[in-house]
Amino acid sequence: MVSHSGLLTLMERAARKAGQRLRRDFGEVEHLQVSRKGPADFVSKADQRSERTLYDELLRARPDWGFVLEEGGVIEGDPVKPRWVIDPLDGTSNFLHGIPHFAISIAAQEPLPGGGWGEVTTGLVYQPITDESFWAEKGRGAWIQSQRLRVSARRDLADALIATGIPYKGHGDLDRWNAIHDAIAHEVAGVRRFGAAALDLAWVAAGRYDGYWEADLHPWDVAAGILLVREAGGYVTDFRGGDQMIERSEFLAAAEGMHSKLHKLVAGALRK
């Protein structure tokens, strides 16, 4: 059985503690669907409670590290120490509608010697409903529990299942997305939009999806997932093939051969 580092053990312990509460809260959502007010306020509080649990657990163990939080923003720590990049509930809309597809994402990002932030070296995506823990450490591969992950070996677009995120009201460029979707959808076996970017990337790492594209994302959506894909043998770039860091907003992920084919389709769509 593969062993966790102390850092990864800490991250998983925090995620499981927050996930236990999310499972209980998710069980309440169904009862709230029929109320006049609806569950939106309850889900917002569930998101905040999850973030607070993660913050408290990680701060206790690493009091000099900073945070990048979806709800709480940037909290500075010692500038020569790593920082946490956290999404306490990725897939909030799914959670809100009683759809059991959401996750907690935690990543540790290293500082650059001259200032600023560099690579993510440890990442965890935890799916509370299925109790699946996807994790990766730089140079040690990507794993689900104790099983090694590898990106899909499929090379033919006609056999490929591709994930994406669709722009919605007030968020993203729908015309641009449509152009990319039209280029890809006619070439592949199917396109899926499940509504949780961290899980999309984890599933690419696991070979469940053959590729993934999405724009207008935030660092907490993708920090752990990018490391998972790369440690599983895949590539993550922007839409034009440039090396992708978590602070950017476009993501194209797949195994090497599939990535080059998807990149060609995306680049062609953007030139039109």
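User: Which residues of helix 5 are buried?

Analyst: The buried residues there are A197, A198, L199, D200, L201, A202, W203, V204 and A205. Helix 5 runs over residues 197-205 and is mostly covered, with nine of nine residues buried. "Buried" means under 20% relative accessible area, with over 50% exposed and anything in between partly exposed, using a 1.4 Å probe on protein chains only. Helices (H or I, at least four residues) and strands (E, at least two) are DSSP runs numbered from the N terminus.

User: Anything I should know about the model itself?

Analyst: It is a predicted model, where local features need pLDDT of at least 70 and side-chain atom pairs count only at pLDDT 80 or more, while totals for chains, interfaces and linings use all residues. Residues are numbered from 1 along each chain as its sequence is written, and side-chain values use heavy atoms, leaving out hydrogens and water.

User: Thanks! Which residue follows helix 5 with a positive phi?

Analyst: That is G207, whose phi is near 80°.

User: Now Q127. Is it buried or exposed?

Analyst: Q127 is buried, with a relative accessible area of 2%. Q127 belongs to strand 5, residues 117-127.

User: What does its side chain make a polar contact with?

Analyst: The Q127 side chain makes one with the side chain of T130, at 3.2 Å. That term covers N or O pairs within 3.5 Å; within protein, one atom must be able to donate a hydrogen and the other to accept it, and residues adjacent in sequence count only if both atoms are side-chain atoms.

User: And which residues does Q127 touch farther along the chain, beyond four places away?

Analyst: Q127 touches P100, H101, F102, A103, E132, F134, L199 and W203. Here contact means heavy atoms within 4.5 Å. L199 and W203 also appear among the buried residues of helix 5.

User: Switching to aromatics: how many pairs are there?

Analyst: Ten aromatic pairs. Rings of Phe, Tyr and Trp (its six-membered ring) pair if their centres lie within 6.5 Å; planes under 30 degrees apart are stacked, over 60 edge-to-face, and the rest tilted. W203 and Y209 have ring centres 5.6 Å apart and planes at 45°, so they form a tilted pair. Both W203 and Y209 are buried. Ring pairs also link F26, F95 and F102 into a cluster.

User: What about A14, buried or exposed?

Analyst: A14 is buried, with a relative accessible area of 0%. A14 sits in helix 1, residues 6-32. Leaving aside neighbours within four places in sequence, A14 is in contact with L54, E57 and L58. The C-alpha atoms of A14 and L124 are 11 Å apart, although 110 residues separate them along the chain.

User: Last topic, pockets. How much space lies in the largest one?

Analyst: About 660 Å³. Of the 36 residues lining this largest pocket, the closest to its centre are Y168, H171, R193, E214 and L217. On a 1 Å grid over the protein atoms alone, a pocket is an open set of points with protein on both sides within 12 Å along at least five of seven lines, while a cavity is a set where a 1.4 Å probe fits but cannot get out; lining residues have an atom within 4 Å of a point. A volume is the space filled by probe spheres set on grid points, which are joined across faces, edges and corners.

User: Which helix gives the most to that lining?

Analyst: Helix 3, with four residues.

User: And how many cavities of 30 Å³ or more are there?

Analyst: One. The largest cavity has about 50 Å³ of space, and its lining includes G66, F67, R83 and W117.
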